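Here's a quick tour of two spots in this protein, written for someone with the structure open on the screen. Have a look first, then read on.

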Amino acid sequence: EALVYDAICGQVLSNTTEGRQALVSSVWWPPLAVLLRLPFAAALGPRTWPAASLAASALCGTGVLFLLLGILRNWSFGWARILMVVALAVPPRFLAACLNGSVDTAVMFLAVLATYGLVQWVALRSLRHLVYLAAGTCLLVGMNFEMTVWLAMVLLLLVGDLVLHTFAPRQKVAVLII
């Protein structure tokens with residue numbers, strides 16, 4: 001996976017037709033995953049090993065840990081939040097995801113962001129958290145098409161919340177548009 005993404009980045013940076021086609025017309029290799037690696041590929045130059053994918057994967061893995069740390073701080077978990085984040089960072093499966101160049105850590109980051117947005121929207125009705133939900137779900141579709149079923153469940157929960165609580169009709173439409 002990492003080799004393919006880096007090869008696509010190389011073709012895009014070389015401004016070839018194949019690179020542009022791979023970026024916009026592939027169902028198997030979603031465009032956002034390529035675009036995430038593109039700055040790293042441009043900075044690191046052509047390599048025989050997937051340096052851009054490894055850097056993007058490690059950065060997203062670190063982002064997941066910092067995002068969870070911030071969420072748990074907002075929920076007043078105190079010092080226990082550090083133990084929880086360390087408990088996520090230590091397992092070999094998470095470390096492997098951070099170091100294998102796959103999209104797993106980016107998907108995890110966006111899924112956590114969308115879930116946090118939904119939970120906080122239901123609890124606080126904060127527009128900022130609705131935007132987190134919208135950004136997380138929108139970017140997740142461009143990152144991994146297989147997450148569409150999960151996204152349908154998240155949106156079903158959002159619609160259920162809109163049905164169960166009293167909102168003005170225009171507010172319901174606005175929430176659904178966002």
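What follows covers one helix and its surroundings, then a pair of packed helices. Keep in mind that this is a predicted model.

Let's start with helix H6, which spans residues 92-99. Its buried residues are Phe94, Ala97 and Cys98. They sit on the same side of H6, because the arc they cover around the axis is only 100°. The general rule behind this: an α-helix has 3.6 residues a turn, so residues three or four places apart point the same way. Flip to the face turned away from that buried side and you'll find the exposed residues Pro92, Arg93 and Leu99.

So much for H6 itself; next come its neighbours. The cover over the buried residues of H6 includes these helices:

| Helix | Residues |
|---|---|
| H4 | 51-74 |
| H5 | 80-89 |
| H7 | 104-124 |

Just past the end of H6, glycine 101 adopts a positive phi of about 80°.

Now for the other spot. How do helix H1 and helix H2 pack? H1 (residues 2-13) and H2 (residues 17-24) pack at an angle of about 125°, and their axes are 7 Å apart. Angles that are neither under 35 nor over 145 degrees, and fall outside 65 to 115, count as oblique, so H1 is oblique to H2. The crossing of H1 past H2 is left-handed.

On the H1 side, the contact uses Ile8, Gln11 and Val12, which meet Glu18, Gly19, Ala22 and Leu23 of H2. By type, the residues of this contact between H1 and H2 come to four nonpolar, two polar and one charged.

Notes: Residues are numbered from 1 along each chain as its sequence is written. This is a predicted model: local features need pLDDT of at least 70, side-chain atom pairs count only at pLDDT 80 or more; totals for chains, interfaces and linings use all residues. Side-chain values use heavy atoms; hydrogens and water are left out. Buried means under 20% relative accessible area, exposed over 50%, partly exposed in between (1.4 Å probe, protein chains only). Helices (H or I, at least four residues) and strands (E, at least two) are DSSP runs, numbered from the N terminus. The arc is that of the directions from the helix axis to the C-beta atoms. Contact means heavy atoms within 4.5 Å. Axes are lines fitted to C-alpha atoms, for helices over the stretch in contact, and angles run from 0 to 180 degrees between N-to-C directions. A crossing is left-handed if the near helix is turned anticlockwise from the far one by less than a right angle, and right-handed if clockwise. Ala, Val, Leu, Ile, Met, Phe, Trp, Tyr, Cys and Pro count as nonpolar, Asp, Glu, Lys and Arg as charged, and the others, Gly among them, as polar.
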